[in-house]
Each structure stands twice: as C-alpha cells, then as structure tokens.
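Me: I'm new to this one and would like a close look at a single part, the loop with an odd backbone angle. Could you start there and then walk me through what lies around it and beyond?

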Amino acid sequence: MELKRRTVTTNEEFKILADPYRMSILNVFFQNKIPMTTKQVADELGEVPAKVHYHIKKLLKIELLILDHIEVINGINAKYYKMTADSIDFDVSDDISPEARDFAVDQIAQVFLSTVDVFKEDILKRSETVKEQGIMIQENDGFIELLSGYMDLDDMMEIISFIRDFSERHKEKAEGKIYYSGVFGCIRKEEV
C-alpha cells in the first residue's frame with residue numbers, strides 16, 4: 001500500500017503543528033483511519049467538542065485535515081473530517097533567512113516533542129489506573145527502551161515501514177489482545 005505523504009514547509013504549518021493538543025487530535029485520526037466528527041474526536045480525547053473544533057479549524061487551515069462529507073443526523077449537519085496524508089514529513093528549505101530557519105527547526109523539535117507528550121500522557125494515565133485499582137504492574141503493561149545505532153536512510157526507512165505495517169496489521173480489536181500505545185522515533189546524533 002502506497003502511503004500518502006504530506007510535507008510541512010511553512011512557518012505557519014510548523015507553528016500549528018507544534019501544539020501538543022493538535023498532535024493528540026491528529027493521533028486520533030491516525031489511529032482510527034476513518035472520517036470522524038468533532039464530537040467523535042472529542043469523545044476519544046475526553047474533551048468538549050468546542051475545544052476540539054477550535055483546533056480542527058487550525059488543522060483545516062493548513063490542509064492536514066479536510067472535510068470528507070456531511071451527514072444530517074437528527075436534523076443537524078454532522079461534518080466528517082479526514083487526514084489528507086498517512087505520513088507527515090518536514091522540510092526546511094535553504095532559501096529562507098537564518099532566523100526563519102531557526103524558527104522552523106524549533107517548531108520541528110516541538111512537533112517531535114508533542115508526539116512524545118502524547119505517549120507520556122498514555123503512560124501517566126496507565127500509572128493512575130494501576131494506582132486507582134490497587135493492582136500490581138504486570139509484565140505486559142509495557143516497556144521502554146532507548147536504542148541507538150548506525151544506519152543510513154534506507155535502514156531508517158526500513159524500520160519505519162516495518163513499524164507502520166506491523167501497526168496496520170494490529171488495528172482491529174481481537175479476543176486475547178490488549179490495546180497498547182507506543183512511540184518510535186529516530187534522531188540524528190552526529191553529522192556525516
């Protein structure tokens with residue numbers, strides 16, 4: 001399956017994406033892979049629809065989300081939105097000023113960190129659940145590991161493809177399966 005990629009290049013796009021809450025909204029769309037209403041997204045996030053709607057409007061402005069269709073439900077127009085891409089890439093062009101470049105790099109870092117913040121929230125929610133229920137942490141609660149190694153771009157793309165394919169094959173709820181959250185990322189530690 002060919003992935004639709006979206007490259008973020010402008011300061012406005014970087015700034016809008018740097019908000020962790022908007023990354024949470026995009027994550028709901030990435031996870032569900034179906035058109036959704038503001039209310040459906042709000043329900044998944046445990047938020048009020050008005051707050052989600054404000055941020056969806058920002059994501060519509062930079063065309064990461066688009067209106068898919070409208071359904072009339074009990075006399076109300078329900079707007080269904082969907083992602084415009086399966087993957088978001090970042091590109092800082094060489095022809096911008098050093099100040100604009102620095103801003104873009106800072107915003108890219110914020111996008112990465114906001115994704116980690118979403119995972120952090122999942123960890124904290126699990127921790128609270130364990131404490132509230134008075135249960136012991138179990139082997140299957142999860143793990144985290146910091147890895148490093150030498151690879152080229154093809155190696156990194158191979159890992160990314162494997163993780164995306166693996167995740168796609170495990171989207172459906174099945175008996176005996178537990179729903180997990182995870183984050184994977186690579187960041188260059190040295191120059192070539």
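**A loop and its surroundings**

Reply: Lys 33 is found in the loop between α2 and α3. Keep in mind that you're looking at a predicted model. What catches the eye at Lys 33 is its phi: about 55 degrees, so positive, although the residue isn't a glycine. Most residues other than glycine have a negative phi. As for surroundings, Lys 33 has a relative accessible area of 43%, which makes it partly exposed, since that class runs between 20% and 50%.

There's another case to set beside it. Asn 74, in the loop between β2 (65-73) and β3, also isn't a glycine and has a positive phi, near 50 degrees. With 76% relative accessibility, Asn 74 counts as exposed, because the cut-off for that is over 50%.

Now step back from Lys 33 into α2, one of the two helices that flank its loop. The largest nonpolar core has 26 residues, and Leu 17, Ile 25, Leu 26, Phe 29 and Leu 59 have the most contacts inside it. Elements giving two or more residues to this core include α1 (11-17), α2 (20-32) and α3 (38-45), along with α4 (49-61), β3 (76-83) and α5 (98-133). The largest share, six residues, comes from α2.

Take Leu 26 as a way in. Leaving aside neighbours within four places in sequence, Leu 26 is in contact with Leu 17, Leu 59, Leu 64, Leu 65, Met 83 and Ile 88.

Ile 25 leads us to another spot. Setting aside residues up to four places away in sequence, His 55 touches Ile 25, plus Asp 19, Tyr 21 and Arg 22. His 55 belongs to helix α4, and it counts as buried because its relative accessibility is 9%, under the 20% limit. Tyr 21 has a further partner: Lys 51 lies over its face, 4.3 Å from the ring centre.

For a link between stretches far apart along the chain, try Ala 109, in helix α5. The C-alpha atoms of Ala 109 and Ala 18 are separated by 8.0 Å, yet the two residues are 91 residues apart in the chain. Ala 109 is partly exposed, at 33% relative accessibility.

Last stop, helix α6. The 17 residues of α6 (residues 153-169) should span 24 Å at 1.5 Å a residue, and the end C-alpha atoms are indeed 24 Å apart, so the two agree. Asp 152 caps the N-terminal end of α6, with a side-chain oxygen 3.1 Å from the backbone nitrogen of Asp 154.

Technical notes:
Residues are numbered from 1 along each chain as its sequence is written. This is a predicted model: local features need pLDDT of at least 70, side-chain atom pairs count only at pLDDT 80 or more; totals for chains, interfaces and linings use all residues. Side-chain values use heavy atoms; hydrogens and water are left out. Helices (H or I, at least four residues) and strands (E, at least two) are DSSP runs, numbered from the N terminus. The expected span of a helix is 1.5 Å times one less than its number of residues. A polar contact is a pair of N or O atoms within 3.5 Å; within protein, one must be able to donate a hydrogen and the other to accept it, and residues adjacent in sequence count only if both atoms are side-chain atoms. A charge sits over a ring if NZ of Lys or CZ of Arg is within 6 Å of the ring centre and within 35 degrees of the ring normal. A nonpolar core is a set of buried Ala, Val, Leu, Ile, Met, Phe, Trp, Tyr and Cys residues joined through side-chain atoms within 4.5 Å. Buried means under 20% relative accessible area, exposed over 50%, partly exposed in between (1.4 Å probe, protein chains only). Contact means heavy atoms within 4.5 Å.
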